[in-house]
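User: I would like to learn how to read a ligand site and a few backbone features in a model. Can we go through them one by one?

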Amino acid sequence: MSSFKCIEFIDDKLKLIDQTKLPLIEEYIISDDYERISVSIERLEVRGAPAIGVSAAYALALAFKNNNVKDDSYFEKVYQRLASTRPTAVNLFWALDEMKKTYYSLTDNFYSSLLNKAVEIHNDDIDKCNKMAQNGLEIFTKKSKVLTHCNTGQLATGGGGTAFYVIQKAFENGLVEFVHADETRPLLQGSRLTAFELDKAGIPFSINSDSSAAVLMQKGEVDLVITGADRIASNGDSANKIGTYSLAVLCKHHNIPFYIAAPTSTIDKNCKSGNDIKIEFRSPDELNKIKDVLITKPEYKTYTPAFDVTPNELIAGIITETGLHKPPYNFNV
Ligand code: MRU
């Protein structure tokens with residue numbers, strides 16, 4: 001793993017690298033205020049499904065730092081505030097529910113017990129990332145040119161990453177020749193964050209506009225595609241950053257395998273299929289503006305889903321910490 005840390009808990013405060021400023025500025029948000037951490041999640045200062053879950057768990061614990069008593073209505077208020085930040089990544093709700101189970105099992109020592117649980121969730125994510133990276137080696141049959149979308153590395157998780165960490169481990173094992181990083185419109189997680197992480201990891205790469213992925217495939221420059229996921233339904237339908245579905249369709253046309261890597265905390269057994277997954281819509285400003293500069297008329301209508309759903313039949317395999325799952329998927333068992 002590289003030297004920077006996305007999420008650290010130091011001196012009873014949460015330290016988050018501000019991802020909206022990367023890669024040009026490395027700045028940190030240090031806070032023990034759950035409201036400030038909620039705003040960080042909303043603004044995507046911290047983002048990526050597992051990283052959102054880990055941050056929310058610490059925020060919920062920190063809410064009891066100066067209020068170290070049983071107070072159910074306060075707990076529910078904080079829980080609801082954190083749960084309202086982003087709707088699609090199920091890791092957020094998974095982590096909050098784990099914290100909830102802990103809270104209702106306590107009679108005293110609320111802060112320290114909730115903090116221990118948040119640390120456990122964080123360590124669990126590190127462990128899952130390590131296992132996923134190892135399990136992902138199986139998808140590489142030769143030294144490969146890989147394309148990925150959005151950001152799925154250390155910045156997106158509590159550990160080494162999901163899809164990114166699979167790529168990194170494979171690179172270290174001599175199985176990756178080159179990485180194409182989709183820029184990932186409109187918030188550019190690919191050109192800003194994945195490029196930053198590929199650079200730090202010493203992996204040869206170039207950034208391409210999302211619309212260049214088809215040409216790269218047509219020219220034989222892509223052997224496989226691997227992305228993360230924000231929520232996976234029990235039939236394998238997978239929600240991930242907008243643009244992922246089009247990649248999977250392109251892969252089918254070009255006969256290129258399309259893989260997902262995600263921890264089991266991203267699987268939502270309550271969703272039978274992708275139709276049950278709630279998709280976040282973001283502010284029109286994210287399309288109308290680039291870095292606060294208006295680039296079109298603000299009165300024009302916009303279409304702003306942050307995620308799309310890739311149907312299971314387009315997914316060659318789903319890598320989790322438990323192994324490489326092949327279709328037909330049934331995550332109900
Ligand atoms: O809106 P974001 O930046 O939080 O979206 C992140 C993604 O879509 C990632 O691909 C996903 O969370 C998987 S990350 C490990």
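Analyst: We start with the ligand and then turn to the backbone. Keep in mind that this is a predicted model.

User: How many residues surround the ligand, and which are the closest?

Analyst: A residue counts as near a molecule if one of its heavy atoms lies within 4 Å of it. Here 19 residues surround the ligand. The closest are Arg 47, Arg 86, Gln 189, Asn 240 and Lys 241.

User: What classes of residue make up the shell around the ligand?

Analyst: The shell has seven nonpolar, eight polar and four charged residues.

User: Which helix and strand each supply at least two residues of that shell, and which domains does the shell draw on?

Analyst: The elements are α2 (49-62) and β9 (238-241), each with at least two residues in the shell. As for domains, at least three residues come from each of domain 1 (7-129) and domain 2 (131-325).

User: Which atoms of Gly 48, Ala 49 and Gln 189 lie at short range from the ligand's oxygen atoms?

Analyst: A polar contact is a pair of N or O atoms within 3.5 Å. For Gly 48, a backbone N or O atom is 3.0 Å from an oxygen atom of the ligand. Ala 49 also places a backbone N or O atom by a ligand oxygen, at 2.9 Å. With Gln 189 the side chain takes part: one of its N or O atoms is 2.9 Å from an oxygen atom of the ligand.

User: How much of the ligand's accessible area does the protein cover?

Analyst: On its own the ligand has 410 Å² of accessible area, and the protein covers 100% of that.

User: Where does the ligand sit, in terms of cavities?

Analyst: The ligand is placed in the largest cavity.

User: Now the backbone. Which peptide bonds are cis?

Analyst: For a cis bond, look at omega. The bond from Arg 185 to Pro 186 is cis, with omega near 0 degrees. Pro 186 belongs to the loop between β5 (176-182) and α7 (189-201). The bond from Pro 327 to Pro 328 is cis too, again with omega near 0 degrees. Pro 328 falls in the segment after β16 (323-325).

User: What is phi at Asn 109, and where is that residue?

Analyst: Look at the sign of phi and at the residue type. Asn 109 has phi near 50 degrees, a positive value in a residue other than glycine. Asn 109 lies in the loop between α4 (90-104) and α5 (110-136).

Conventions: Residues are numbered from 1 along each chain as its sequence is written. This is a predicted model: local features need pLDDT of at least 70, side-chain atom pairs count only at pLDDT 80 or more; totals for chains, interfaces and linings use all residues. Side-chain values use heavy atoms; hydrogens and water are left out. A polar contact is a pair of N or O atoms within 3.5 Å; within protein, one must be able to donate a hydrogen and the other to accept it, and residues adjacent in sequence count only if both atoms are side-chain atoms. Accessible areas come from the Shrake-Rupley method with a 1.4 Å probe; for residues, only the protein chains shown count as cover. On a 1 Å grid over the protein atoms alone, a cavity is a set of points where a 1.4 Å probe fits but cannot get out, and a pocket is an open set with protein on both sides within 12 Å along at least five of seven lines; lining residues have an atom within 4 Å of a point. A molecule sits in a cavity or pocket if more than half of its atoms lie within 2 Å of its grid points. Helices (H or I, at least four residues) and strands (E, at least two) are DSSP runs, numbered from the N terminus. Ala, Val, Leu, Ile, Met, Phe, Trp, Tyr, Cys and Pro count as nonpolar, Asp, Glu, Lys and Arg as charged, and the others, Gly among them, as polar. Domain bounds come from an automatic or database domain assignment.
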